[in-house]
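Please open your viewer, switch on the side chains, and keep the selection tool at hand while you read. Each stop on this tour names what to select and then describes what is there.

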Amino acid sequence: QVQLVESGGGSVQVGGSTKLSCVASGVAFRWSDVAWFRQAAGKERELVAGISATTAGGTIKYVDSVKGRFTISRDDTMTTVYLEMNSLKPEDTAVYYCLVRWNDRDYWGQGTRVTVSA
């Protein structure tokens, strides 16, 4: 049974910071690609940041709109992927979902809402 449990969402002021966590179980975490997606109201889900499997080099990528503000990281010992978000903007408001891809299967977290208000 694969489970991804997210935490860390909530309301944040413009310019503020928060950190999301996603704890995975039931997968070979080191062999899995991990990522964060977000979906704003009325918009398509988009990839925010990702890290390839540790066994494949752990390459990190970000969508241009969050470069320099967000940091994705993984802790293989804790089977957890994090998303640190700084200098938050109203357009960052969305439901954030973690993704774990293992053996070409995608597993999604339940989503956590981040609201950025002035």
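A residue is called buried when its relative accessible area is under 20%, exposed when that area is over 50%, and partly exposed in between. Keep in mind throughout that what you have on screen is a predicted model.

**Stop one: the aromatic rings**

Begin by selecting Y97, which has a relative accessibility of 17% and therefore counts as buried, because this value is under the 20% limit. How many aromatic pairs does a search of the whole structure find? The search finds two. In one of them, F37 and W108 meet edge-to-face, with 5.0 Å from centre to centre and 65° between the planes. Since F37 belongs to strand β4 (residues 33-39) and W108 to strand β10 (residues 105-108), this pair ties together parts that are 71 residues apart in sequence. F37 is buried, with a relative accessible area of 17%, while W108 is partly exposed at 35%. Now add Y97 to the selection again: Y97 and W108 also form an edge-to-face pair, with centres 6.4 Å apart and an angle of 85° between the planes. Here Y97 lies in strand β9 (residues 94-102) and W108 in strand β10, so the pair ties together parts that are eleven residues apart in sequence. Viewed together, F37, Y97 and W108 are linked by their ring pairs into a cluster.

**Stop two: charges over rings**

Next select K19 and Y82, where you can see the charged end of K19 sitting over the ring of Y82, 4.7 Å from its centre. Then move to R74, which lies over the face of F29 at 4.8 Å from the ring centre. R74 is buried, with a relative accessible area of 16%, and R74 also forms a salt bridge with D76, in which the closest N and O atoms are 3.0 Å apart.

**Stop three: a buried acid and its partners**

Side chains of opposite charge can pair when their charged atoms come close. Select D92, which you will find in the loop between β8 (80-85) and β9. Is D92 buried or exposed? D92 is buried, with a relative accessible area of 0%. Leaving aside residues up to four places away in sequence, D92 touches R38, R69, F70, S87, V114 and V116. With R69, D92 forms a salt bridge whose closest N and O atoms are 2.7 Å apart. Because R69 lies in the loop between β6 (60-62) and β7 (70-75), while D92 lies in the loop between β8 and β9, this pair ties together parts that are 23 residues apart in sequence. R69 counts as buried too, at 10% relative accessibility. Widen the selection to R38, E46, R69 and D92, which are linked in a network of salt bridges.

For a contrast in surroundings, select D64 and K67, whose salt bridge has its closest N and O atoms 3.0 Å apart. D64 is exposed, with a relative accessible area of 61%, and K67 is partly exposed at 48%. The structure holds seven salt bridges.

**Stop four: a strand with two faces**

In a regular strand the side chains alternate between the two faces of the sheet. To see this, select strand β1 (residues 3-7), in which L4 and E6 point to one face and are buried, whereas Q3, V5 and S7 point to the other and are not. Finally, add strand β3 (residues 18-25), which runs antiparallel to β1 and is joined to it by five bridges, and look for E6, which stands opposite C22 in β3.

Terms used:
Residues are numbered from 1 along each chain as its sequence is written. This is a predicted model: local features need pLDDT of at least 70, side-chain atom pairs count only at pLDDT 80 or more; totals for chains, interfaces and linings use all residues. Side-chain values use heavy atoms; hydrogens and water are left out. Rings of Phe, Tyr and Trp (its six-membered ring) pair if their centres lie within 6.5 Å; planes under 30 degrees apart count as stacked, over 60 as edge-to-face and the rest as tilted. Helices (H or I, at least four residues) and strands (E, at least two) are DSSP runs, numbered from the N terminus. Buried means under 20% relative accessible area, exposed over 50%, partly exposed in between (1.4 Å probe, protein chains only). A charge sits over a ring if NZ of Lys or CZ of Arg is within 6 Å of the ring centre and within 35 degrees of the ring normal. Contact means heavy atoms within 4.5 Å. Two strands pair if DSSP finds at least two bridges between them. A salt bridge is a side-chain nitrogen of Lys or Arg within 4 Å of a carboxyl oxygen of Asp or Glu.
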